[in-house]
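Please read the points below with the structure open beside you. They deal with two sheets, the helices on them and the ligand.

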Amino acid sequence: MNPILKVNDISKHYHQPKQSFFDKAIVTKAVHKVSFELKEGEAFGLVGESGCGKSTTGQMLLQLIKQTSGTIFYKGEDVSKFSRQQMKAWRKQVQIVFQDPFSSLNPIKTIEWILEEPLIIHRIGNKQTRKQKILDTLADVGLDESYLTHYPHELSGGQRQRIAIASAIILDPEFIVIDEGVSALDVSVQAQILNLLKSIQQKYRLTYLFISHDLNIVQYFCDRIAIMYFGEIVELGTASEIGNDPKHPYTQALFSAIPSLEDDREIIVLSGDVPSHANPPSGCAFHTRCKFAEARCRTEKPKLNSIGEHRTVSCHLYEKEEGRNAIRRTV
Ligand code: SF4
């Protein structure tokens, strides 16, 4: 499959204002040198604790916020070099679904108005063809004509998320970022929305970036997964590879925290909090919480090592020894 999106070393750094002339400048690295590719038609999961930079990464991909450095290529074209007109045309191809549809849907407008607005902005069809498109899209998300006159507050959480999805697909996009799209829903409704997203992915031939803190859901929904910690990708691979054999100690801890009926499973409890961006740790950012940390981890930052055809891990435990094509050690 061809990459629809290629991300090279993107970073988002925020410079904190100095309190006094003598203070050291503080730079918060919300995202630091993240690289990956999204293949056409795949669901790619971005997972990590809150504050790890996954939502910032998603928003940079859509250029809702600009990266500090690095490049993003969409179908081979550098999006930062798009003209105004190209950017407007591209905006039609890429969409986002947020966690809380209540805040992303205009509360004083009807569902018909909300769904017609993007068609009007992009000058698509006339009143009659737009109405038909709205009805077809509503049917695709499992709702009927009776919802047209409703307001968002009159709908349940699941229905509102269906409208948010309808609003994302009404322009026939190619790529959608789903940012914690089911996290605010009840478990039974989560399953319905995930199934809906799967079915419209096939019908509309969509590529998804699925952002979530819930590894269980991501493993079920996605083809490949990248695990983020403290603004960086620490492990990347197919959902089955990572699910069956997580390598990075942080990924292992995340998987061990998923509830299971297996009694003999070791639950890895991470001690300590995610480090502060204002005072980042030296070496591996995970060393303050890692039970395998050794002296080197405190001073030397691990590289992203390839440990399989499509698999990478950022950890000294998986480094190849100089001159030999072998993994030094496995956990
Ligand atoms: Fe743990 Fe060291 Fe690997 Fe970091 S590099 S995850 S501290 S073993």
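1. Helix α7, residues 187-204, lies across β3, β7 and β8. Its direction runs at about 160° to β8. The model is a predicted one, and the points that follow should be read with that in mind.

2. The strands under α7 belong to an open sheet of eight strands with mixed pairing. The order to trace is β6-β7-β8-β3-β9-β10-β12-β11. At the edges stand β6 (94-97) and β11 (304-308); each has a single partner strand, so one side of each is left without a neighbour in the sheet. From one strand to the next, the twist averages 20°.

3. Helix α1 (residues 54-61) also packs on this sheet. Its contacts there are with β3, β7 (175-179), β8 (207-212) and β9. The direction of α1 makes about 155° with that of β8.

4. How do β3 and β9 run, and how many bridges join them? Strand β3 (residues 43-47) and strand β9 (residues 224-229) run parallel, and four bridges join them. One position to find by eye is Gly45, which stands opposite Ile225 in β9.

5. A second open sheet has four strands in the order β2-β1-β4-β5, and its pairing is antiparallel. Here β2 (26-39) and β5 (77-78) are the edge strands; because each has a single partner strand, one side of each is left without a neighbour in the sheet. Helix α1 packs on this sheet as well, touching β1 (3-16), β2 and β4, and its direction makes about 120° with that of β1.

6. Within the four-stranded sheet, five bridges join β1 to β4, and the two strands run antiparallel. Val7 has Ile72 in β4 as its bridge partner.

7. The antiparallel strands β4 (residues 69-74) and β5 are joined by two bridges. In this pair, Tyr74 stands opposite Glu77, and Phe73 stands opposite Asp78. The two strands form a hairpin with two residues between them. Lys75, in the turn, has a positive phi of about 50°.

8. Which residues come nearest to the ligand? Of the 13 residues around the ligand, these are Cys284, Cys290, Cys297, Cys315 and His316. By class, the shell has ten nonpolar and three polar residues, and no charged ones. The space that the ligand takes is the largest cavity.

Technical notes: Residues are numbered from 1 along each chain as its sequence is written. This is a predicted model: local features need pLDDT of at least 70, side-chain atom pairs count only at pLDDT 80 or more; totals for chains, interfaces and linings use all residues. Side-chain values use heavy atoms; hydrogens and water are left out. Two strands pair if DSSP finds at least two bridges between them. Axes are lines fitted to C-alpha atoms, for helices over the stretch in contact, and angles run from 0 to 180 degrees between N-to-C directions. Contact means heavy atoms within 4.5 Å. A residue is near a molecule or strand if one of its heavy atoms lies within 4 Å of it. On a 1 Å grid over the protein atoms alone, a cavity is a set of points where a 1.4 Å probe fits but cannot get out, and a pocket is an open set with protein on both sides within 12 Å along at least five of seven lines; lining residues have an atom within 4 Å of a point. A molecule sits in a cavity or pocket if more than half of its atoms lie within 2 Å of its grid points. Ala, Val, Leu, Ile, Met, Phe, Trp, Tyr, Cys and Pro count as nonpolar, Asp, Glu, Lys and Arg as charged, and the others, Gly among them, as polar.
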